[in-house]
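Let's take a friendly walk through a protein chain together. Have a look at the sequence and the 3D view first, and then read on.

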Amino acid sequence: QRLALPVQHPQPLQDLGHLPLVGAGVHERAASHRARDAMGKFQPGEAVLLGGFAAYMILHELVHGVFMYALSGGVKPRYGFTGMYAYAASDACFCRRDYILIALAPVVVWGLVLGVLAALADGGWFWVVWMIQAINLSGAAGDLYVTARLARMPPNLLVRDAGVSMEVFVPGGRGAESGGA
């Protein structure tokens, strides 16, 4: 028999990890009014920042999907958007170690990439990259939460991530439950 322990994704605006994002957005909106030139056009850094936010959400989930594909032996991941957040999903079941790698992959991969870009950035471009890095860290709050929950569970568990919910199975347990977002 199997015992599934519920693991829920935190809601984006209820998660303390998103408070820096909300604060940064308010600050960015105020700064954007000052950053516009006399013609009311976006400055190059502002356009890159806004594009970077959108691109980051997609790239974050693509990294999850690449790791899901590689660690499942070739099961193709699915992607979606709920209106609140994007997600990657898979029909495969992953051992705890592999799922923790999947969960942490985007914050590590993009943390390294953005760290290098910040080190190479000149002047005001540093702050554009820094803000995208802040999004990287706050966007990983749910992944860090899931990692912390899984780390306290039995090592022989299996995880199936449907994107908007996930099931955690413990071989030899009784019954099955699932956790949703």
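## A walk along the helices

In helix α4, the residues V128, V129, M131, I132, Q133, I135, N136 and S138 are buried. Keep in mind as you read that this is a predicted model.

How many residues does α4 have, and how far does it reach? It has 15 residues and reaches 21 Å from its first C-alpha to its last, close to the 21 Å expected at 1.5 Å a residue.

**Where α4 meets α5**

Helix α4 covers residues 125-139 and helix α5 covers residues 141-151. Their axes come within 5 Å and cross at roughly 35°. Which residues make the contact? On the α4 side they are L137, S138 and G139, and on the α5 side they are A141, G142 and D143. Sorted by class, this contact has 2 nonpolar, 3 polar and 1 charged residues. One of the α4 residues in the contact, S138, also appears among the buried residues of α4.

**Helix α3 and its bend**

Now step back to helix α3, residues 96-120. With 25 residues at 1.5 Å a residue, α3 should span 36 Å, and its end C-alpha atoms are 36 Å apart, so the expected and modelled spans agree. Still, α3 has a bend of about 45° at L104. A proline, P106, follows within four residues of L104.

Further along, helix α3 holds L112 and V113. Are these residues buried or exposed? L112 has a relative accessibility of 58%, so it counts as exposed, being over the 50% cut-off. V113 has 34%, which lies between 20% and 50%, so V113 counts as partly exposed.

**Pairs separated along the chain**

Q133, one of the buried residues of α4, can be paired with both L112 and V113. Another pair involves G74, a residue in the loop between α2 (44-72) and β2 (78-81). G74 counts as partly exposed because its relative accessibility is 33%. Here are the pairs with their separations along the chain and in space.

| Pair | Separation in sequence | C-alpha to C-alpha distance |
|---|---|---|
| V113 and Q133 | 20 residues | 9.4 Å |
| L112 and Q133 | 21 residues | 9.6 Å |
| G74 and A92 | 18 residues | 9.3 Å |

**The whole chain**

Finally, let's zoom out. What does the secondary structure come to? The chain has 5 helices and 7 strands. Read from the N terminus on, the elements run β-α-α-β-β-β-α-α-α-β-β-β.

The chain has 181 residues, and buried residues make up 38% of them. Its accessible surface comes to about 10100 Å², and 66% of that surface belongs to carbon and sulfur atoms. As for contacts, take those with a separation of 6 or more: residues 24 or more positions apart account for 66% of them.

Key:
Residues are numbered from 1 along each chain as its sequence is written. This is a predicted model: local features need pLDDT of at least 70, side-chain atom pairs count only at pLDDT 80 or more; totals for chains, interfaces and linings use all residues. Side-chain values use heavy atoms; hydrogens and water are left out. Axes are lines fitted to C-alpha atoms, for helices over the stretch in contact, and angles run from 0 to 180 degrees between N-to-C directions. Helices (H or I, at least four residues) and strands (E, at least two) are DSSP runs, numbered from the N terminus. Contact means heavy atoms within 4.5 Å. Ala, Val, Leu, Ile, Met, Phe, Trp, Tyr, Cys and Pro count as nonpolar, Asp, Glu, Lys and Arg as charged, and the others, Gly among them, as polar. Buried means under 20% relative accessible area, exposed over 50%, partly exposed in between (1.4 Å probe, protein chains only). Accessible areas come from the Shrake-Rupley method with a 1.4 Å probe; for residues, only the protein chains shown count as cover. The expected span of a helix is 1.5 Å times one less than its number of residues. The bend at a residue is the angle between axes fitted to the seven residues ending there and the seven starting there.
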